[in-house]
Amino acid sequence: ITLLLLVLLAPAFSSQAQTKPIKDLRPTVILISLDGFRYDYLAKYQSPNLNSLARNGVRARWLIPSFPTKTYPNHYTIATGLYPAHHGIVENEIYDQQFDAVFNLSKREEVQNGRWWLGEPIWVTAEKQNQRAASVFFPGTEAEIAGKRPSYWKLYDAKVSNADRVDTILGWLDVPSVRRPTFLSLYFSDTDDAGHHFGPDSTGTAHAVAELDEAIGKLIGGLRAREIFAQVNLIIVSDHGMATVGAGHVILLDSLFDTRLAERIFWTPEIVSIFPRAGNEITIYSSLRRHLPAHARVYRKSEIPERFHYRDSPRLPPLLVLPDEGWVLMNREGLAAMNASVNGPAKGRHGYDNQLRSMRAIFIAHGQAFKRGKVVAPFANIQIYNIMTRILGLRPAPNDGDFAVAQKVLK
């Protein structure tokens, strides 16, 4: 048995033995996204590695996501420092009238098409200024944007384990200095998946937090083995939080107006986008104003609250319907599909008002450039791009942030 155990462990020992200290590291950022990791999970669930980084580095009391509190808009805001209305990824499903096409996450050819991705993400900023970038699954990195991609990137594959994702990042750090990336990004979906399926207050989500914390521990161990843990600048963020959905909190929206008057409708349960046929905007708007229950509101584009920063894109719909926290908007077809699903209705959702407590995200930073033992006031995720450019010595592209938060978190 002992001999068999030694044989099984040999690859691991060999891998450890082959890990060499890195002595020529340039200023380096690893941006890590924990999708759907609500701000209170750090205290609510067991996450010793994340909490250690937070105690010994910098953390925000919470990170304020951009509206809508959806995955792709917020990841690209983190990457560009631009509000979704300014970088073009205004939702997970988008219509662009100029090229009469629809973007959604199931259309891989559109996700990989640079025409959707406006602004300049941090990996393009780095590549333009003679630094290399690398990414494991961070949204946007599959597309060629402004003629650039990261030097190293991966097509998204949900089946790739967290451990393999971490090993890929560590492997890119092991390449010779002349080819080594200075900006790396890494994406995990565990807490988002669990939050939707089980709800944010569940043993399933607690398990997902533990899984992610283990992956962060593996990354820390790999950095320590290379003797660069103190130097590498880790920035750990989430894109949004997660709200509990009440049983029966469904508004059947297609019973409240004539859907035939719309050219297209995106039936996202937390944010329904309506593109009326010519001459029908007022008719649809008036019908919804009359019939919507108290738990939802309809906005014309000009009425969308200014604090959402969600008016300035031609990709935004003329009419937007938003439900209250924990409520969902559906049509008959979607409701029937949900009721027939073996998993049943989602117990957690996001996409709601970005000022809600349930939508709050996380910001944790640790490394050579960051202050230690510091807790800062909540700030908007448009500020992260400028923090990263300051660390990497890059000239930032135009963005909606400033350097106020960078001055608070950096040494």
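This report describes aromatic contacts, enclosed spaces and selected buried residues in a predicted model.

**Aromatic pairs and charges over rings**

A search of the whole structure finds 19 aromatic pairs. One of these joins Tyr95 and Phe275 in an edge-to-face arrangement, with 5.6 Å from centre to centre and 80° between the planes. Because Tyr95 belongs to strand E4 (residues 93-96) and Phe275 to strand E13 (residues 271-276), this pair ties together parts that are 180 residues apart in sequence. Tyr95 counts as buried at 13% relative accessibility, and Phe275 counts as buried at 10%.

The rings of Phe137 and Tyr156 also form an edge-to-face pair, since their centres are 5.1 Å apart and their planes stand at 75°, where an angle over 60 degrees is what earns that label. Phe137 lies in the loop between strand E6 (133-136) and strand E7 (152-153), whereas Tyr156 lies in the loop between E7 and helix H8 (162-173), so the pair ties together parts that are 19 residues apart in sequence. Phe137 is buried, with a relative accessible area of 6%, while Tyr156 is partly exposed, with a relative accessible area of 35%.

Ring pairs also link Tyr72, Tyr76, Phe99, Phe103, Trp116, Trp117, Trp123 and Phe138 into a cluster.

Two arginines are placed over tyrosine rings. Arg264 lies over the face of Tyr95, at 3.9 Å from the ring centre, and the charged end of Arg360 sits over the ring of Tyr39, 5.2 Å from its centre.

**The largest pocket and helix H4**

The largest pocket has a volume of about 470 Å³. It is lined by 25 residues, of which Thr71, Tyr72, Asn92, Leu105 and Asp192 are the closest to its centre. At least two lining residues come from each of helix H4 (71-80), helix H6 (108-111), helix H9 (190-198) and strand E12 (262-268), and the largest share, three residues, is supplied by H9. Sorted by class, the lining of this pocket holds 10 nonpolar, seven polar and eight charged residues.

Helix H4 is largely enclosed by the rest of the structure, because 10 of its 10 residues are buried. Among these buried residues are Thr71 and Tyr72, together with His75 and Tyr76. Just after H4, Gly81 takes a positive phi of about 75°.

**Two cavities**

The count comes to two cavities of 30 Å³ or more. The largest cavity has a volume of about 40 Å³, and its lining includes Tyr95 and Phe275, along with Val90, Glu91, Phe266 and Arg315. The elements that give two or more residues to this lining are E4 and E13, and E4 provides the largest share, three residues. The second largest cavity has a volume of about 30 Å³ and is lined by Asp24, Leu25, Arg26, Thr28, Ser177, Arg180, Pro181 and Thr182. The class make-up of the two linings is set out below.

| Cavity | Nonpolar | Polar | Charged |
|---|---|---|---|
| Largest cavity | seven residues | one residue | three residues |
| Second largest cavity | two residues | three residues | three residues |

Thr182, one of the residues lining the second largest cavity, has its place in the loop between H8 and strand E8 (183-188). Thr182 is buried, with a relative accessible area of 2%, and a polar contact of 2.5 Å joins its side chain to that of Gln131.

**Buried strand residues and their distant partners in sequence**

Ile32 lies in strand E1 (residues 29-34) and is buried, with a relative accessible area of 0%. The C-alpha atoms of Ile32 and Phe188 are separated by 7.9 Å, although the two residues are 156 residues apart along the chain. Ala60 lies in strand E2 (residues 58-60) and is likewise buried, with a relative accessible area of 6%. A separation of 9.4 Å is found between the C-alpha atoms of Ala60 and Ala361, which are 301 residues apart along the chain.

Methods: Residues numbered from 1 in each chain as written. Predicted model: local features only at pLDDT ≥ 70, side-chain atom pairs only at ≥ 80, totals over all residues. Heavy atoms only, no water. Phe/Tyr/Trp six-rings, centres within 6.5 Å; stacked < 30°, edge-to-face > 60°. Helix = DSSP H or I, 4+ residues; strand = E, 2+ residues; numbered from the N terminus. Buried < 20%, exposed > 50% of the residue type's maximum accessible area, 1.4 Å probe, protein only. Lys NZ or Arg CZ within 6 Å of the ring centre and 35° of its normal. 1 Å grid on protein atoms, 1.4 Å probe; cavity = no way out; pocket = protein on both sides within 12 Å on 5 of 7 lines; lining within 4 Å. Points joined across faces, edges and corners; volume = space filled by probe spheres on them. Nonpolar A, V, L, I, M, F, W, Y, C, P; charged D, E, K, R; others polar. Polar contact = N/O pair within 3.5 Å; in protein donor to acceptor, adjacent residues only side chain to side chain.
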